[in-house]
Amino acid sequence: MLRLETNTGWWLVTHVDHARLAGDFAAQWGNDLFCRPEPRARVLKGIAQHDDGWKTRDAQPLITRQGKPSAFSVELVGTYSAFEEIDLADYLAVRDNAVRLIAEEDPYAAILVSKHTYNLLTERADRSTIAPEQLPLLDKFLQQQRDLQQSLIALIAAATPELANDTAIRDHFRLLQAADYLSLLVCVDYQKPATLLHPLLLNDGSYRPVAVEPIAERSFRLDPYPFSQPSLTFSFPARHVERKVFDTHDELQARFTAALPEQLQVIVSA
């Protein structure tokens, strides 16, 4: 779940809907400057479905020790330090499920999701927020992801050798990261300048970082601009729950279930 605080409560966005928005961004990626992703369908599938493993978990939202919805929030942009609020074993099971669900359909898409998960838990996670006795569990999971990536590469090489290209896979992983991060910024309406994590591939073979500047509520300017049209409007579903703090998981669950999804809009422009 992702959360955005309002005057009376929270906007809550499921991981699945956040990922679909990332997929919508990736579907519009590419212009005279930036490369369109190819193999297009397989890359877009990985981006749009990279959080499908969260579907069951997000249907039953939980609260933190402070009574807030347990979710990615504006405070976590730039680092991932929420491990004191979650059960690590459950979290890793969800992450593993997200990879294996898509691996059954498309190993190319799955390797992008696995690389995204591995990067999140190595380069962006704050290990100090994980209990020392749980670190071996995390390290075992990371080794399993490395092993899974090797098996996926072998499957890709056997079926479509031309796709077993480390550089192309890295570039598509970076695109997933960029689309995912832009979606996170949008869903929590992050109001500070940011960068889409990695330098991204241009048509001339070079790489450029993309800066994101908020210019209004859910309106962002990107430079250099990577999309097909100079201004685009996207929408994503969110539910508004009243109250800032909840006494029990069941209370949040009831309010979340009763809330009707609403379409929020975001504008990205050059």
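Seven strands form an open sheet in the order S1-S2-S8-S9-S7-S6-S3, with mixed pairing. S1 and S3 stand at the edges, and each has a single partner strand, so one side of each is left without a neighbour in the sheet. Keep in mind that this is a predicted model. Strands of a sheet pair through backbone hydrogen bonds, either parallel or antiparallel. Both kinds of pairing turn up in the walk below.

Start at the S1 edge. Strand S1 covers residues 2–5, and 4 bridges join it to S2 in an antiparallel pair. The link between S1 and S2 is a hairpin of 3 residues. To place the pair in register, find Leu2: its bridge partner in S2 is Val13. S2 itself spans residues 9–13 and is mostly covered, with 5 of its 5 residues buried.

Now step across to the next strand in the order. S8 runs from residue 231 to 242, and 4 bridges join S2 to it. S2 and S8 are antiparallel. Here Leu12 stands opposite Arg239 of S8.

Further along the sheet, the direction of pairing is parallel for S7 and S9. These two are joined by 3 bridges, and S9 takes in residues 262–269. Look for Arg221, which stands opposite Ser269 in S9.

Helices lie against this sheet. H1 lies across S1, S2, S8 and S9, and it runs at about 175 degrees to S8. H8 also packs on the sheet, where it touches S2 and S8. The direction of H8 makes about 135 degrees with that of S8.

What does a residue in S8 touch? Take Phe234, which sits in that strand. Its relative accessibility is 8%, so Phe234 counts as buried. Leaving out residues up to four places away in sequence, Phe234 touches Leu21, Asp24, Phe25, Gln28, Leu264, Gln265, Val266 and Val268. Sequence separation and spatial distance can both be read for another pair. Phe234 and Ala164 are 70 residues apart in sequence, and their C-alpha atoms are 33 Å apart in space.

Next, the nonpolar interior. The largest nonpolar core has 59 residues, and Phe25, Leu196, Leu222 and Phe227 touch the most other members. Helix H7, residues 166–187, gives the largest share of this core, 12 residues. A second, separate core has 11 residues, including Leu92, Leu138, Phe141 and Leu142.

Phe227 deserves a look of its own. Setting aside neighbours within four places in sequence, Phe227 is in contact with Phe25, Gln28, Trp29, Gly30, Asn31, Leu182, Leu222, Leu232 and Val268.

Which helices pack at an angle of about 5 degrees? They are H4, residues 88–103, and H6, residues 135–159, and their axes are 11 Å apart. Angles under 35 degrees count as roughly parallel, so H4 is roughly parallel to H6. H4 brings Leu88, Ala89, Leu92, Arg95, Asp96, Val99, Arg100 and Ala103 to the contact. H6 brings Leu137, Leu138, Phe141, Gln145, Leu148 and Leu152. Sorted by class, this contact has 10 nonpolar, 1 polar and 3 charged residues.

Last, turn to the backbone in the loops. Most residues other than glycine have a negative phi, and most peptide bonds are trans. Some places in this model depart from that pattern.

Two of them are cis peptide bonds. One joins Glu38 and Pro39, with omega about 10 degrees. Pro39 lies in the loop between helix H1 (15–27) and helix H2 (40–48). Another cis bond runs from Asp223 to Pro224, and its omega is near -5 degrees. Pro224 is found in the loop between strand S7 (219–223) and S8.

Positive phi values also occur. Asp189 is not a glycine, yet its phi is near 50 degrees. Asp189 sits in the loop between H7 and strand S3 (194–195). Arg243 is another such residue, with phi near 95 degrees. Its place is in the loop between S8 and helix H8 (249–258).

Are these two residues buried or exposed, or in between? Asp189 has 13% relative accessibility, so it counts as buried. Arg243 has 34%, so it counts as partly exposed.

Notes:
Residues numbered from 1 in each chain as written. Predicted model: local features only at pLDDT ≥ 70, side-chain atom pairs only at ≥ 80, totals over all residues. Heavy atoms only, no water. Buried < 20%, exposed > 50% of the residue type's maximum accessible area, 1.4 Å probe, protein only. Helix = DSSP H or I, 4+ residues; strand = E, 2+ residues; numbered from the N terminus. Pairing = 2+ DSSP bridges. Core = buried A, V, L, I, M, F, W, Y, C linked by side-chain atoms within 4.5 Å. Contact = heavy atoms within 4.5 Å. Axes fitted to C-alpha atoms, helices over the stretch in contact; angles between N-to-C directions. Parallel < 35°, antiparallel > 145°, perpendicular 65-115°, else oblique. Nonpolar A, V, L, I, M, F, W, Y, C, P; charged D, E, K, R; others polar.
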